[in-house]
Amino acid sequence: MTSREVLRNQSMAVEGDRITYIGDQPPRAAEYDEVIDMSGKLLMPGWVNTHGHAAMTLLRGYADDLPLQTWLEEKMWPMEARFGDEQVYWGTALAVLEMIKGGTTCFADMYDHMDQVAKVVKESGIRARLCRGSIGLGSEEEQQAKWEESVRFAKDWHRQADGRITTMMAPHAPYTCPPAYIERFVASAKELDLPIHTHMSETQKEVDWNVKEYGVRPVEHLRRLGVFDLPCLVAHAVHLTDEELDILAEYDVKISHNPGSNLKLGSGIARVPEMLQKGIRPSLGTDGAASNNNLDMLEEVQLAALIHKGASRNPEAVPAFTALQMGTVFGAEALFLEKEIGTLEPGKKADFITVDLSGPHMQPQHDLVSLLAYSASRDDVQDVYVNGDPVMRNRECLTLDEEKIRYQAQVVFDQIRG
């Protein structure tokens with residue numbers, strides 16, 4: 001799916017981890033180890049989830065219907081402080097299982113105990129861009145330890161797992177990291193030649209605090225600290241002025257739009273139509289399952305296609321195909337992986353999914369783009385391939401033990417429930 005016109009009755013060839021052919025001539029069966037009949041299915045790029053905290057699946061439904069700061073400071077952070085390696089490993093395994101079954105082939109993750117996250121990624125076959133999220137509110141010793149761990153993790157895991165794992169540097173947010181601490185991460189990212197990922201302008205309260213504390217809004221604050229001088233991905237970007245949009249466009253800052261999480265936490269609705277008008281190509285993220293409460297990228301696509309129509313009273317605000325791009329190629333761009341993934345074309349990595357077209361909700365098939373954006377569900381995803389390898393076939397995950405993960409996730413949460 002590379003244009004409004006969806007290709008029909010095509011063949012795709014994969015050799016090793018890359019796509020080598022797409023066209024209307026079926027490849028000679030004798031030239032390949034395996035030929036798979038995909039009749040009745042749509043092949044498309046896998047979803048790219050550009051912002052999340054995977055292990056927070058353990059906190060799904062734990063504290064709902066609260067404003068962001070209350071939710072974070074009184075509910076999430078105290079529970080997350082109890083997380084150890086086991087909680088992060090099994091919480092991430094649960095998240096990756098859910099993402100694979102929904103057709104996500106690549107995700108970004110910002111969390112603690114990141115070696116456990118990387119371990120799950122390596123075992124599962126999924127692709128990921130990972131970073132140790134660092135909150136700089138503690139003592140100098142705590143700040144130093146988090147920074148050192150961030151650098152160590154970024155070095156140890158970049159390009160590991162057959163290249164499926166890449167890394168970033170991640171000061172958590174302007175309101176949780178002193179300016180000098182953010183500058184330390186900027187320097188490390190520059191030295192390591194890695195992107196920066198951070199939260200920004202998620203709530204009006206956060207923006208107001210930044211003005212009171214530093215005299216400027218978060219966009220100008222981060223610009224002055226040199227964050228935008230490097231490849232940068234910001235999550236949320238809900239509360240932006242026209243001038244801030246111009247700055248983000250000028251510096252080619254990537255944005256992860258998290259419509260489900262922003263709606264649930266009452267944070268607001270990002271100015272996506274205006275971003276698109278200014279040439280910004282916002283991607284999509286689920287955020288953590290504690291604020292969503294699922295990791296369903298197709299739901300984010302559908303929300304992106306719908307909420308901006310309603311908010312702007314303009315049915316053309318975010319067209320169906322644009323919403324699908326936000327979940328695929330714009331996501332690849334946001335993670336600085338667009339040369340490898342995000343579209344199906346010869347030379348790119350063989351990261352793709354199949355969608356069953358036989359359901360009654362997928363009939364009649366006037367427009368497959370419309371059906372994907374407005375009618376399909378994650379349960380329609382049948383097969384998932386990453387790096388040319390199958391990780392799910394006919395809805396059976398081949399790399400993870402689903403029953404064991406469901407059981408262990410409950411066990412490790414019960415250990416810290418208190």
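**Entry 1: getting my bearings**

Helices and strands are DSSP runs, numbered from the N terminus. With that in hand, I looked up Ser201 and found it in the loop between β9 (196-200) and α6 (204-214). I remind myself that this is a predicted model.

**Entry 2: Ser201 and its backbone**

I checked the phi angle of Ser201, and it is near 55 degrees, a positive value in a residue other than glycine. This caught my eye because most residues other than glycine have a negative phi. Ser201 is also buried, with a relative accessible area of 0%.

Next I went to Val234, which is 33 residues from Ser201 in sequence and 9.0 Å from it in space, C-alpha to C-alpha.

**Entry 3: strand β10**

Val234 sits in strand β10 (residues 232-236). Is Val234 buried or exposed? I found it buried, because its relative accessible area is 0% and the cut-off for buried is under 20%. Setting aside neighbours within four places in sequence, I listed its contacts: Thr198, Met200, Phe228, Val253, Lys254, Ile255 and Ser256.

His236 lies in strand β10 as well. Its phi is near 85 degrees, again positive in a residue that is not glycine. I noted His236 as buried too, at 0% relative accessibility.

**Entry 4: the nonpolar cores**

Which residues touch the most other members of the largest nonpolar core? They are Leu130 and Phe228, in a core of 113 residues. Helix α2 (residues 85-101) supplies the largest share of this core, with 10 residues. Apart from this core lies another one, of 13 residues, including Cys106, Ala108, Cys131 and Leu337.

I then followed Leu130 outward, leaving aside neighbours within four places in sequence. Among its contacts are Phe107, Met114, Val117, Phe153, Ile165 and Met168. Asp109 and Thr166 are also in contact with Leu130.

**Entry 5: hunting for disulfides**

How many disulfides did I find? The count is zero. Why is Cys106 not bonded to Cys131? The closest cysteine sulfur to that of Cys106 is in Cys131, but it is 12 Å away, too far for a bond, because a disulfide needs the two sulfur atoms within 2.5 Å. For Cys131, the nearest cysteine sulfur is that of Cys232, 11 Å away, and Cys131 is in no disulfide. Both are out of the way of the surface by my cut-off: Cys106 is buried at 0% relative accessible area, and Cys131 counts as buried at 0%.

**Entry 6: empty space inside**

I searched the whole structure and got two cavities of 30 Å³ or more. The largest has a volume of about 60 Å³. Its lining has 14 residues, and Asn49, Gly52, Met99, Thr286 and Leu295 lie nearest its centre. Strand β5 (residues 104-111) gives the most to this lining, with three residues. By class, I noted six nonpolar, six polar and two charged residues there.

The second largest cavity holds about 30 Å³ of space. Pro45, Gly46, Val48, Thr105, Ile341, Gly342, Thr343 and Asp351 line it. That lining has three nonpolar, four polar and one charged residues.

**Entry 7: cis peptide bonds**

Most peptide bonds are trans, so I looked for exceptions. One cis bond joins Asn292 and Asn293, with omega about 15 degrees. Asn293 is in the loop between β12 (283-284) and α11 (297-312). Another cis bond joins Gln363 and Pro364, with omega about -15 degrees. I placed Pro364 in the loop between β13 (352-356) and α14 (368-374).

Methods. Residues numbered from 1 in each chain as written. Predicted model: local features only at pLDDT ≥ 70, side-chain atom pairs only at ≥ 80, totals over all residues. Heavy atoms only, no water. Core = buried A, V, L, I, M, F, W, Y, C linked by side-chain atoms within 4.5 Å. Buried < 20%, exposed > 50% of the residue type's maximum accessible area, 1.4 Å probe, protein only. Helix = DSSP H or I, 4+ residues; strand = E, 2+ residues; numbered from the N terminus. Contact = heavy atoms within 4.5 Å. 1 Å grid on protein atoms, 1.4 Å probe; cavity = no way out; pocket = protein on both sides within 12 Å on 5 of 7 lines; lining within 4 Å. Points joined across faces, edges and corners; volume = space filled by probe spheres on them. Nonpolar A, V, L, I, M, F, W, Y, C, P; charged D, E, K, R; others polar.
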